Amino acid sequence: MAVAMPSDTPDAGDRQFMARALRLAERGKYWARPNPHVGCVLVRDSTVVGEGFTQPAGGDHAEIMALKAAGDAARGSTAYVTLEPCAHTGRTPPCCNALIAAGVARVFVGLRDPNPKVDGGGIHRLQAEGLAVHQGLMADQVEAQLAGFLQRQRLGRPRLRIKLAMSLDGRTAMASGESQWITGPQARLDVQKLRAESCAILTGVGTVLEDDCALTVRDSAFDDELLPAPQRRALRVVADRHLRTPAHAAVLQGEQPSLILHGSGADASHLPETLEHLALPGEAGGVAPAEIMAALAARECNEILLESGPTLAGAMLRSGMADALIVYIAPVLLGSRARPLLELPLDEMAEALRLQLVDRRQIGDDHRFVFVPQSVA
């Protein structure tokens with residue numbers, strides 16, 4: 001069968017419907033992992049007849065939700081899908097087959113899916129069956145929305161964002177270790193949402209021993225109907241070379257899953273048998289940043305949020321594993337004896353790490369800045 005091509009280029013109406021699909025996709029970002037959160041809108045005669053977004057893994061994809069909502073009205077419609085419909089059978093059947101069977105006439109795809117199991121296969125299947133397919137509508141927005149998933153598919157590692165909270169003079173805690181709370185309640189609520197949209201929350205054993213952090217995601221942070229309480233909790237990960245994490249540590253308690261990454265030969269006899277831990281093959285039994293990221297990529301993690309002390313945060317930044325720094329700055333001064341933001345043993349100006357500011361906003365009394373290292377900008 002001849003390959004069908006779109007008879008027209010996207011207009012303002014097409015962009016409006018794709019923007020609606022992008023907004024729908026946001027509703028799945030707290031539970032879709034490891035799948036990408038995708039939105040789909042079905043339109044016939046300029047009227048929306050069905051729409052949907054990715055459900056938790058094993059549930060309906062966005063296209064299937066939209067088709068179920070549309071019923072017979074899907075025939076002859078145009079589909080606006082933020083990411084290429086899948087063409088393989090995983091936990092669910094191929095979405096491109098469902099679109100074809102429903103009689104959809106045209107498909108606007110925001111972005112081609114780089115997953116090797118898809119990678120153009122869905123688009124080719126639709127075209128082979130005579131559907132007109134347009135690629136690239138609002139692709140930049142889809143790239144930003146699915147950054148972690150896309151990076152794991154393209155580079156083989158998740159996206160790592162380092163969350164930092166500091167005083168105006170660049171300090172994170174008093175010399176005694178006291179740090180609660182530098183930032184205000186609105187900023188801490190914002191961090192809850194960062195945690196919820198992450199596949200894993202990573203910290204170091206030093207932070208566990210000093211702060212006894214729980215790294216939980218609180219349901220109370222999600223009281224908006226567009227931000228439902230996450231159905232799947234982010235994995236809590238501790239980088240602990242010598243397995244010093246105590247069995248009673250808060251990060252190991254509760255229903256939210258935990259994982260300890262440690263060096264080879266470390267003694268795990270004090271840990272509960274039900275706790276998952278993994279030895280990494282680092283030099284001299286170490287836990288290297290690249291090995292941590294490889295281990296989490298193997299678990300299909302797309303987004304990693306690092307909440308740690310200056311040592312691990314500095315190591316991740318120096319290693320080139322960090323993709324963004326999310327820095328909360330509070331209008332407070334902690335003084336020269338307080339602890340620094342990062343451990344970066346730099347001696348010369350030529351060694352300075354340059355950052356690019358990509359976002360800034362006020363959150364309560366605090367300010368949030370998002371930077372990306374210039375090497376990945």
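Buried means under 20% relative accessible area, exposed means over 50%, and partly exposed is what lies in between. Keep those cut-offs handy for the exercises below. One caution before you start: this is a predicted model.

**Exercise 1. Work out whether Leu312 and Gly309 count as buried, partly exposed or exposed.**

Step 1: Start with Leu312, which sits in helix H10. Its relative accessibility is 15%, and the cut-off for buried is under 20%, so Leu312 counts as buried.

Step 2: Now take Gly309, found in the loop that runs between strand E12 (303–306) and helix H10 (310–319). Its relative accessible area is 24%, so Gly309 is partly exposed.

**Exercise 2. Find what Leu312 touches, and which residues of H10 are buried along with it.**

Step 1: Leave out residues up to four places away in sequence, and the contacts of Leu312 are Leu202, Thr203, Gly204, Ala239 and Leu306.

Step 2: Look along the helix. Buried residues in H10 are Leu312, Ala313, Gly314, Met316 and Leu317.

Step 3: Bring in some helix geometry. An α-helix has 3.6 residues a turn, so residues three or four places apart point the same way.

Step 4: Check what comes after the helix. H10 is followed by Gly320, which has a positive phi, near 85°.

**Exercise 3. Take the "binding site" residues from the UniProt record and see which of them line the largest pocket.**

Step 1: Get the set. The unreviewed UniProt entry lists Ala165, Trp181, Arg195, Thr207, Asp211, Gly309, Pro310, Thr311, Leu312, Ala313, Gly314 and Ala315 under "binding site".

Step 2: See how far apart they are. The set covers 151 residues of sequence and is spread in space too, with up to 24.6 Å between C-alpha atoms.

Step 3: Compare with the pocket. From this set, Ala165, Trp181, Arg195, Thr207, Asp211, Gly309, Pro310, Thr311, Leu312 and Ala315 belong to the lining of the largest pocket.

**Exercise 4. Decide whether the overall size of the chain agrees with a compact globule.**

Step 1: Get the expected value. For 377 residues, a compact globule would have a radius of gyration near 21 Å.

Step 2: Compare. The protein chain has 23 Å, so it agrees with that expectation.

Step 3: Add the dimensions. Along its principal axes, the C-alpha trace spans about 70 × 45 × 45 Å.

Step 4: Look at burial and contacts. Of the 377 residues, 51% count as buried. Among contacts with a separation of 6 or more, 69% come from residues 24 or more positions apart.

Step 5: Finish with the make-up of the chain. Its secondary structure comes to 10 helices and 16 strands, and carbon and sulfur atoms account for 49% of an accessible surface of about 17500 Å².

How values were computed. Residues numbered from 1 in each chain as written. Predicted model: local features only at pLDDT ≥ 70, side-chain atom pairs only at ≥ 80, totals over all residues. Heavy atoms only, no water. UniProt positions renumbered as here; feature names shortened; annotations may be inferred. 1 Å grid on protein atoms, 1.4 Å probe; cavity = no way out; pocket = protein on both sides within 12 Å on 5 of 7 lines; lining within 4 Å. Helix = DSSP H or I, 4+ residues; strand = E, 2+ residues; numbered from the N terminus. Buried < 20%, exposed > 50% of the residue type's maximum accessible area, 1.4 Å probe, protein only. Contact = heavy atoms within 4.5 Å. Rg over C-alpha atoms; globule rule 2.2 N^0.38 Å. Areas by Shrake-Rupley, 256 points an atom, 1.4 Å probe, with all protein chains shown as cover.
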